[in-house]
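Colleague: Please take me closely through one part of this model, beginning with the charges and the rings beside them. I should be grateful if each term were explained when it appears.

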Amino acid sequence: MFRKLLIANRGEIAVRLIKACRQLNIQTVAVCSTVDRQAWYTQLADEVVCIGPAAATGSYLNAEAILMAAINTHADAIHPGYGFLAENADFAAMCQECGITWVGPSADQIRLMGDKSLAKTYARKQQVPVLAGQSIQGLTWPKIKQAALKIGFPLVLKASHGGGGKGIRVLQTMTELHQQLRAARQEAAAAFLNDAMYLEHYLPTARHIEVQVLGTGDQLLVLGDRDCSLQLHKQKVLEESPASCLTAVQRQTLYQLSRQLLAQSHYQSLGTIEYLFAAGQFYFMEMNTRLQVEHGVTELTTGIDIVQAQLKQAAGASLHLPVIVTQKVAIEARLTAILPVEQTLISQFEWPTYARVDTGYRAGDRLVTMYDGLIAKLMVTGPTRAAAVARLQIALSAVRLVGPATNLAFLQQTVARPAYQQDQFSIHSLAQWEAEQ
């Protein structure tokens with residue numbers, strides 16, 4: 001097992017990783033920007049290194065500074081969390097070159113799946129269905145127009161190396177494509193240091209279904225599925241496991257497609273394969289070669305600490321995972337700040353003891369929103385989806401957060417909707433519900 005792990009991230013996921021490392025007796029090194037010096041995660045870690053200014057490009061996206069911190073603190077492994085450099089193949093390769101274990105898949109696997117165009121070409125070769133789409137990197141405007149017409153409107157414009165909703169635009173006309181292209185590229189470059197873009201046909205109604213996998217190189221373990229359809233501004237808001245809209249036969253097909261996708265890859269570490277599901281058909285969308293924000297609901301339904309499992313796999317330790325028998329439903333609600341934030345001091349923050357809450361904040365902390373607006377992830381379980389939804393309603397009504405304005409009221413209103421309670425929604429529903437308010 002590792003002796004010391006450097007966490008190349010911040011906030012909620014840094015806290016989550018520190019807790020997992022404590023259970024495995026691994027010392028932790030936290031890195032922080034100047035604005036995060038007093039953050040809770042820096043107080044939990046065994047060591048802290050300030051790596052740069054508040055701007056992410058000078059700190060959390062500064063690969064050289066992070067590697068130097070790892071070398072100077074004698075860390076033998078780096079965990080990237082999610083976002084920032086988590087899917088940066090060059091950074092993964094740099095870690096290996098420095099003799100530091102990268103907790104994640106190989107650089108080649110990240111390159112393959114991290115580029116949406118390459119990943120979809122690969123998926124087609126593995127006979128996994130994919131929506132019509134094309135990379136537009138390096139194309140002139142006339143060629144981009146030609147590609148758009150061939151794929152067909154409506155279109156979705158995506159950052160080829162992106163995630164977390166950054167750089168995404170839904171487009172109905174050629175004029176919108178022309179107007180939005182530059183802004184999308186700028187957003188992608190700022191978030192991922194790469195402005196390559198991908199065009200894809202847009203489904204007017206679909207569910208967003210994903211499969212959690214853990215690869216050992218020799219074996220691909222499927223750890224369950226999640227429904228992440230309820231998104232707002234391309235950011236997930238409510239997630240649940242398992243996806244209750246699927247029949248047993250559809251779930252079997254979904255898992256077979258996922259194994260088929262990675263059968264030749266000798267995939268290592270955690271990964272999430274994402275699909276659009278419409279009219280009984282799954283379409284491969286992308287694969288995130290990292291730990292997901294919503295990993296907690298899979299942990300609750302499987303009984304597996306997948307963060308510890310990822311660390312053990314990277315260290316070459318035995319996993320000894322239990323046989324997965326999903327007998328309950330878990331739902332996660334993301335509690336986020338409403339931007340821009342006027343009040344940053346969290347003077348009160350309480351939640352019911354039966355809920356699992358993953359957060360990077362405590363009462364008395366000040367909210368930092370320049371990286372993201374996430375405050376906490378509140379999770380509940382139930383023997384059925386209806387029971388889990390009822391418990392989520394009660395849990396959300398019991399949350400007490402005094403300070404920054406949040407989406408708590410919107411979450412409460414959403415889970416009270418008959419359409420949500422009856423499992424009747426698509427990837428577009430949350431935006432429609434927000435517009436109705």
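Modeller: The charged end of R391 lies over the ring of Y354, at 4.6 Å from the ring centre. A charge counts as sitting over a ring when NZ of Lys or CZ of Arg is within 6 Å of the ring centre and within 35 degrees of the ring normal. R207 is placed in this way over F425, with its charged end 4.0 Å from the centre of that ring.

The model is a predicted one: local features need pLDDT of at least 70 and side-chain atom pairs count only at pLDDT 80 or more, whereas totals for chains, interfaces and linings use all residues. Residues are numbered from 1 along each chain as its sequence is written, and side-chain values rest on heavy atoms, with hydrogens and water left out.

Rings also meet other rings, and the structure holds nine aromatic pairs. One of them joins Y60 and F84, which are stacked with 5.1 Å between centres and 25° between planes. Rings of Phe, Tyr and Trp (its six-membered ring) pair if their centres lie within 6.5 Å; planes under 30 degrees apart are stacked, over 60 edge-to-face, and the rest tilted. This pair connects distant parts of the chain, 24 residues apart: Y60 belongs to the loop between β3 (47–52) and α3 (63–72), and F84 to the loop between β4 (77–79) and α4 (89–97). Such helices (H or I, at least four residues) and strands (E, at least two) are DSSP runs, numbered from the N terminus. Y60 counts as buried because its relative accessibility is 0%, while F84 is partly exposed because its relative accessible area is 21%. Buried means under 20% relative accessible area, exposed over 50%, and partly exposed in between, for a 1.4 Å probe and protein chains only.

Another stacked pair consists of Y420 and F425, at 5.9 Å centre to centre and 20° between the planes. Both Y420 and F425 are buried. Elsewhere, ring pairs link Y275, F277, F282 and F284 into a cluster.

We now turn to the sheet. Eight strands form an open, antiparallel sheet in the order β14-β13-β10-β11-β12-β15-β18-β17. Its edges are β14 (281–288) and β17 (356–359), each of which pairs on one side only. Neighbouring strands are turned against each other by 25° on average, direction ignored. Strands of a sheet pair through backbone hydrogen bonds, either parallel or antiparallel; here, two strands pair if DSSP finds at least two bridges between them.

Strands β15 (residues 329–336) and β18 (residues 374–382) are joined by eight bridges in the antiparallel sense, and V380 of β18 is the bridge partner of I331. Helix α11 (residues 306–315) packs on the sheet, where it touches β10 (207–216), β11 (220–232) and β13 (268–278), and its direction makes about 130° with that of β13. Contact means heavy atoms within 4.5 Å. Axes are lines fitted to C-alpha atoms, for helices over the stretch in contact, and angles between N-to-C directions run from 0 to 180 degrees.

L311 is part of helix α11 and is buried because its relative accessible area is 0%. Neighbours within four places in sequence aside, the contacts of L311 include M1, F2, L5 and V103.

Within the sheet, six of the seven residues of β12 (residues 235–241) are buried. Four antiparallel bridges connect β11 to β12, with Q231 opposite K236. The hairpin of these strands has two residues between them, and H233 takes a positive phi near 55° there. Four antiparallel bridges also join β12 to β15, where I331 is the bridge partner of E240.

Finally, we consider the interior. The largest nonpolar core has 97 residues, and those with the most contacts inside it are L6, Y41, I78, F91, L238, L392 and Y420. Helix α1 (residues 11–23) gives the most to this core, with seven residues. Another core, lying apart from it, has 24 residues, including A123, L261, Y267 and F282. A nonpolar core is a set of buried Ala, Val, Leu, Ile, Met, Phe, Trp, Tyr and Cys residues joined through side-chain atoms within 4.5 Å.

Strand β1 (residues 4–7) is covered on both faces, with K4 and L6 buried on one side and L5 and I7 buried on the other. Four bridges join β1 in parallel to strand β2 (residues 27–33), and Q27 of β2 stands opposite K4.
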